[in-house]
Amino acid sequence: MTQKPWLFRIIWLIALLPLLFAWGLALIGNKLPLDTKNNGELMPAGMTVPQQLSDELDGKWGLLMLSQQCNNGCAEQLHRLQQLHTAMGSDLKRVQPLWLSSDMGKDRPDNVNFEQVRSVTAPALIDWFNQNQLDWQDHSFWLVDPAGNLVMRFAPDLNGQKILADIDWLLKASHIG
C-alpha cells in the first residue's frame with residue numbers, strides 16, 4: 001500500500017482550520033460590534049420585586065409606571081401606557097399595565113381607562129424602588145416578568161414602537177405569563 005502524503009496534510013489542515021478560525025476571532029474580538037437588541041435599559045440580574053407587586057401582577061408580565069402625584073407629564077405617560085397595552089394585540093392578556101402611586105386621590109387623569117390600566121396606591125413599593133436606587137421620578141416604564149424579576153426600564157422619551165419591539169421579543173422568547 002502506498003502512502004499519500006498530500007492526503008495526510010489535508011486531514012491535518014481540516015482539523016486545524018476551526019482552531020485557526022477561533023484564534024483569529026479571539027485576536028479581533030475587541031473590534032466586533034457589541035450592540036444589543038434591546039432598546040430599553042436592562043436591569044441587573046436578580047432584582048426581585050416585593051411579593052406585594054408580584055401578587056398585583058397575578059402571574060402576568062407587568063408594565064409599570066410610578067408617580068407620587070399625577071401632573072400633566074404623568075397623565076400623558078399613563079395614556080401612553082394604555083396605548084402601548086392596546087397595541088400589543090394577541091399578547092394583550094399576557095401583560096398587566098399597572099400604575100403605582102403613593103397618593104392618587106384626586107389626581108386620577110380622565111384620559112385613562114382604569115379598567116385596562118390597574119392603579120394601586122402603594123407607598124411601600126415606591127420605597128422599594130428608592131431603596132434600590134432606581135430613578136423612577138421621570139415617569140419611566142418598568143417591565144417585570146411573571147416570576148417577579150425587574151427586567152427592563154424604558155425611558156419616558158423612548159419611541160413606543162421600540163418599547164413594543166422589546167416586549168414582543170421577550171414574550172416570544174418566554175413561555176411564562
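Which residues form a nonpolar patch on the surface? In this predicted model, where residues are numbered from 1 along each chain as its sequence is written, local features need pLDDT of at least 70, side-chain atom pairs count only at pLDDT 80 or more, and totals for chains, interfaces and linings use all residues. Side-chain values use heavy atoms, with hydrogens and water left out.

The patch is made up of F8, W12, L13, L16, L17, L19, L20, F21, W23, L25, L27 and I28, which together have about 1300 Å² of accessible area (Shrake-Rupley method, 1.4 Å probe, only the protein chains shown counting as cover for residues). Patch members have over 30% relative accessible area and no salt bridge, with like charges joined within 9 Å and nonpolar side chains (Val, Leu, Ile, Met, Phe, Trp, Tyr) within 5 Å; a salt bridge is a side-chain nitrogen of Lys or Arg within 4 Å of a carboxyl oxygen of Asp or Glu.

One of these residues, L27, lies in helix α1 and is exposed, at a relative accessible area of 53% (exposed is over 50%, buried under 20%, partly exposed in between; 1.4 Å probe, protein chains only). Helix α1 covers residues 5-28, and the 34 Å between its end C-alpha atoms agrees with the 34 Å expected for 24 residues at 1.5 Å a residue, the expected span being 1.5 Å times one less than the number of residues.

Turning to the whole protein, there are 5 helices and 6 strands (DSSP runs, numbered from the N terminus: H or I of at least four residues, E of at least two). Its radius of gyration is 24 Å, well over the 16 Å that the globule rule gives for 177 residues, so the protein is more spread out than a compact globule (C-alpha atoms; the rule is 2.2 Å times the number of residues to the power 0.38). The C-alpha trace spans about 95 × 35 × 30 Å along its principal axes.
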